[in-house]
Amino acid sequence: MTILEELQWRGLLADCTDSEALAKRLSEGPVTLYCGFDPTADSLHVGNLVPLLGLRRFQLQGHHPIAVAGGATGSIGDPSGKTQERQLLTKEVLGSNIAKVKEQLRRLLDFETKRNPAQLVDNASWTESVSYLNFLRDIGKHFSVNQMVAKESVRARMEDREVGISYTEFSYMLLQAFDFYVLCRDYNCELQIGGSDQWGNITAGIDLCRKKLGKHAYGLTLPLITNSDGTKFGKTETGAVWLDTGRTSVYKFYQFWIRVDDRDIIRYLKFFTFLSREEIGALEKQHAENPGARAAHKALAKAVTDLVHGPDATAEAMRASEILFGGDLAGVSESTFNEIVGEVPTKEIGKNELEGSGKPLVELLVQSGLCPSKGQARKDIEGGGAYLNNVREGDFQKVVTTRDLLFGKHLLLRKGKRNYVVVSAK
């Protein structure tokens, strides 16, 4: 498939300024394209993956991708998709955010290949030296306020009289158009891609390239992802799912994909992985025949976590996930076990309670809250429904001592299939 055919098949082609002309241009040889990422936080999140992986898909087909870190545009704030004014960030915060985001971009694009290496640039490098008067004279004169007001990102805000839009954010469109102009002039960049909310900004840049350079440029948008149940993609009860492990652990990142709604699983395999049409078709068939096996979910979680965090981190996350499904704890690292500690209820006890002759398991089951009484705990143990460190315990007289502690700190108690409590001895 051509790149446009692949995007179409994957459901990733939302709109294009001139699809026939772009298809013809792509058939003639590699193009240089770009996508921008404003460093409004110190990490990208899973919602950024669609355009980022879009750059990668083009790169895999021989094209030349440029990732633009928005040191300039990020200091202003894009009104697209926002109902309120963004909080302006200081240069220091922007600089720190860019440094961290750059490392994440390096994991997702190939900057080392000899054939068509990705490039990473900061739009502050060509914006900061331009004076306000020169910008108005050289760039602003090419824009009609009438056209700018008609753009969806601006119009929606202007219709809300309580919020409105500041001149600062109103000007954002000009800055992004200036980016496309500079990249077209200096890097021979012919194509900009972005989320569908970027349509107005992208077309403004195309117009500027035509007016100032006499060049024909193209724009292509990718869909903004929403879950089938109507909730916002990339959000959980605890907030956004980030690519930075300090914000979202690898285990939680992996679990996010494992827990994808069945209605979304095939779509997300197409959106977020590089699995082939045949591989996704086979997973779709398996999922239809035996959804309980969750083969498609496991393939999605592994593919995306491998991509973002690497195979070793994925293996640790998978091992931690297996623990909560009764997996063997033998050989589990402390870091892997620690991933699940925050995922299940935790009860603290004094380590001295386990020293010497120790503490009866029936008492620990009650103390942990897994059983309402010693009598019920005894019945659960004798019935084969109680587990210590994921090993079934059938002796109701079992005494737990410090020798049973994992890493000298924890006990993993379980009742039935999925009721877990971590007992931490301190």
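The questions and answers below concern helix α14 and strand β3 in a predicted model.

User: How many Å apart are the end C-alpha atoms of helix α14?
Analyst: Helix α14 takes in residues 277–289, which is 13 residues. At 1.5 Å a residue these should span 18 Å, and the distance between the end C-alpha atoms agrees with that. The value is 18 Å.

User: Around the axis of α14, what arc do the buried residues cover?
Analyst: Buried here means under 20% relative accessible area, and in α14 this holds for Ile280, Leu283 and His287. They lie on the same side of α14 because the arc they cover around the axis is only 60°. An α-helix has 3.6 residues a turn, so residues three or four places apart point the same way. The arc asked for is 60°.

User: Which elements do the buried residues of α14 pack against?
Analyst: The face turned away from the buried side of α14 carries exposed residues, namely Glu278, Lys285, Ala288 and Glu289. The buried residues, by contrast, pack against α1 (3–10), α13 (265–272) and α15 (295–309).

User: Which residue of β4 is the bridge partner of Ala67?
Analyst: Strand β3 (residues 64–69) pairs with β4 (residues 119–122) in the parallel sense, over four bridges. Ala67 belongs to β3, where Cys35 stands opposite this residue. In β4, the bridge partner of Ala67 is Leu120.

User: What is the handedness of the β-α-β crossover from β2 to β3?
Analyst: Strand β2 (residues 32–37) runs parallel to β3, and six bridges join them. Between these strands the chain passes through helix α3 (residues 49–60). The crossover is right-handed.

Conventions. Residues numbered from 1 in each chain as written. Predicted model: local features only at pLDDT ≥ 70, side-chain atom pairs only at ≥ 80, totals over all residues. Heavy atoms only, no water. Helix = DSSP H or I, 4+ residues; strand = E, 2+ residues; numbered from the N terminus. Expected span 1.5 Å × (residues − 1). Buried < 20%, exposed > 50% of the residue type's maximum accessible area, 1.4 Å probe, protein only. Arc of directions from axis to C-beta. Contact = heavy atoms within 4.5 Å. Pairing = 2+ DSSP bridges. Right-handed = clockwise from strand over helix to strand, strands pointing away.
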